[in-house]
Amino acid sequence: MKEKYISTRGGQKNISASAGIIAGLATDGGLYVPSFIHDIHININDLINLTYSALAEKVFSLFLDDFTPEQIHHCVSQAYDSGLFEMDEPVCVKEVSDRFFLELYHGPTCAFKDMALTILPHLMTTSMKIQGIKKQILILTATSGDTGKAALAGFSDVPGIGIMVYYPKNGVSTIQEKQMLTQTGRNTRVIGVDGNFDDTQNGVKLIFSDTPFNQAMDQAGVLLSSANSINIGRLLPQIIYYFFSYVKLVKNGKIHPGDPINFVVPTGNFGNILAGYYASLIGLPVNRFICASNANNILTDFFKTGCYDRNRNFYKTMSPSMDILISSNLERLLFDLSGNNAPALAKLMTQLQNRGHYHVSSELFKKTTNLFSGGFTSEKATAESIKEMYAQFHYLMDPHTAVANQVYETYRRQTGDSTPAVILSTASPYKFGHSVYQSIFGPIPEGLNDFDVLKSLADKTGVPIPKPLTNLDKKPDLHHTTCHKDQMAECISDFVREAKVNQ
Ligand SMILES: *Cc1c(COP(=O)(O)O)cnc(C)c1O
């Protein structure tokens, strides 16, 4: 581990895992990556009889260079062995038709963000100990729905850390809003912002770059940090389930150890699929990653042409967590495929910033397409896919998973590639019950609210509503603060003053 973590833009080297987890983003605007990734290896045969947690410890021990085995064990057991997940193992693999679904949504908030956000708080508190930081950390998150609730649930009542979530007041679903407003925990605060998601996200970015404000917070003993998906502490936990699903297929006799398989990933910020790529670098046999997008198909175009161009329309779809035009983690992939060429990456990212687009070299493009394919689907095809899978196999998919399923369908028809495929299933169908109901049964009957729709969907399909979403409508709202998009910083001062952070 010569240089440990380094920035994709070349400005920082030799950063330890704990320092990277606390900082989130590198000081030069780049992302931290493990410089040693090509020197580490996991042997599939060593994993065959491991539990999810044991496998997690093995993976983390390779990446968390300054954590002790005891510290890693503590973090892992707090996240994955403390009854937070619905089943004995946090994830499961289901065979449906000619493919496998890796269900990543059986955690406390019913979305795959839980896989990382249940452990990130523990990685963060341990990192603070390692770094000798005595301050309190206040996590600020702007959310369009899923991340906010998963971060709240993960950080709730974690000593030494406070969490504030901003969401666009009229920009999230009823279920998502209710999930957040009913969040318990003395150290949590949820704020509805009078604006759209971009306003909300910009507001948070402005707070992070407001030096006087950050100094004032520092004086008050508070360090601002973030839990979004560019943090390596969110990326590393996602490597685990790729190995876990592979081992499951081996154990169930579906493949032999060493057989390459395909992974189909419904993609937004490119975090999930990048974790799969990292898994492949350290020994997971992968034939191809299929990157699935909705109508916001910027990545499909990139994998077709080598040109990443965000000057395009933005569509609101029924898979909102993939409604994204800047897939931040693509930077990490290109950095690795270019042989850690930081100057080249810095140049591309400056072009993206200034002109809204960049074009990778033909050499880099070739490397990219060796392992990745892209595809997208329309809203109509997504709805049909939900309906079809239910009609034929009685399998319920949320719209994000359905995008992946439909993209895979097309990929397979066009290429004839019949390599065994795992589709990453990223949300419970009940998290997006409204769209799932409509896709299968048509228009929602008049007079049914969103909670009635969940019950009706469960009645009609016999698939139970996951526990965290049952009786959600009966729970009391615990958060009532709203603010104008220009007043987001003041909410922090109020929160800190009320000593919610310094519990
Ligand atoms: C966040 C999210 C995604 C996209 O994952 P990325 O890591 O951002 O690519 C897909 N589906 C669901 C349900 C999500 O919440």
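The following paragraphs describe a parallel sheet and its helices, one buried helix residue, the cysteines and the internal cavities of a predicted model. Residues are numbered from 1 along each chain as its sequence is written. Because the model is predicted, local features need pLDDT of at least 70 and side-chain atom pairs count only at pLDDT 80 or more, whereas totals for chains, interfaces and linings use all residues, and side-chain values use heavy atoms, with hydrogens and water left out.

An open sheet is formed by 5 strands in the order E8-E5-E6-E7-E15, with parallel pairing; strands are DSSP runs of E with at least two residues, helices are runs of H or I with at least four, both numbered from the N terminus, and two strands pair if DSSP finds at least two bridges between them. Strand E8 (222-226) and strand E15 (481-484) each have a single partner strand and stand at the edges, so one side of each is left without a neighbour in the sheet. From one strand to the next the twist averages 30°, angles running from 0 to 180 degrees between N-to-C directions of axes fitted to C-alpha atoms, for helices over the stretch in contact. Strand E5 (residues 136-142) pairs with E8 over 5 bridges in the parallel sense, and Leu223 in E8 is the bridge partner of Ile137.

Helix H6 (residues 146-155) lies across E5, strand E6 (161-168) and strand E7 (188-194), and runs at about 165° to E6. Helix H8 (residues 197-209) also packs on the sheet, touching E5, E6, E7 and E8, and its direction makes about 150° with that of E5. Within helix H6 is Ala150, which counts as buried at 1% relative accessibility (buried means under 20% relative accessible area, exposed over 50%, partly exposed in between, with a 1.4 Å probe and protein chains only). Beyond its neighbours within four places in sequence, Ala150 is in contact with Thr109, Lys113, Asp114 and Leu117, contact meaning heavy atoms within 4.5 Å.

The structure holds 0 disulfides, a disulfide being a pair of cysteine sulfur atoms within 2.5 Å. The cysteine sulfur closest to that of Cys491 belongs to Cys483 and lies 3.6 Å away, too far for a bond. Cys491 is buried at 7% relative accessibility, and Cys75 is likewise buried, with a relative accessible area of 1%.

The lining of the largest cavity receives at least two residues each from strand E2 (32-34) and helix H14 (330-337), and H14 gives the most, with 3 residues; a cavity is a set of points on a 1 Å grid over the protein atoms alone where a 1.4 Å probe fits but cannot get out, and lining residues have an atom within 4 Å of a point.
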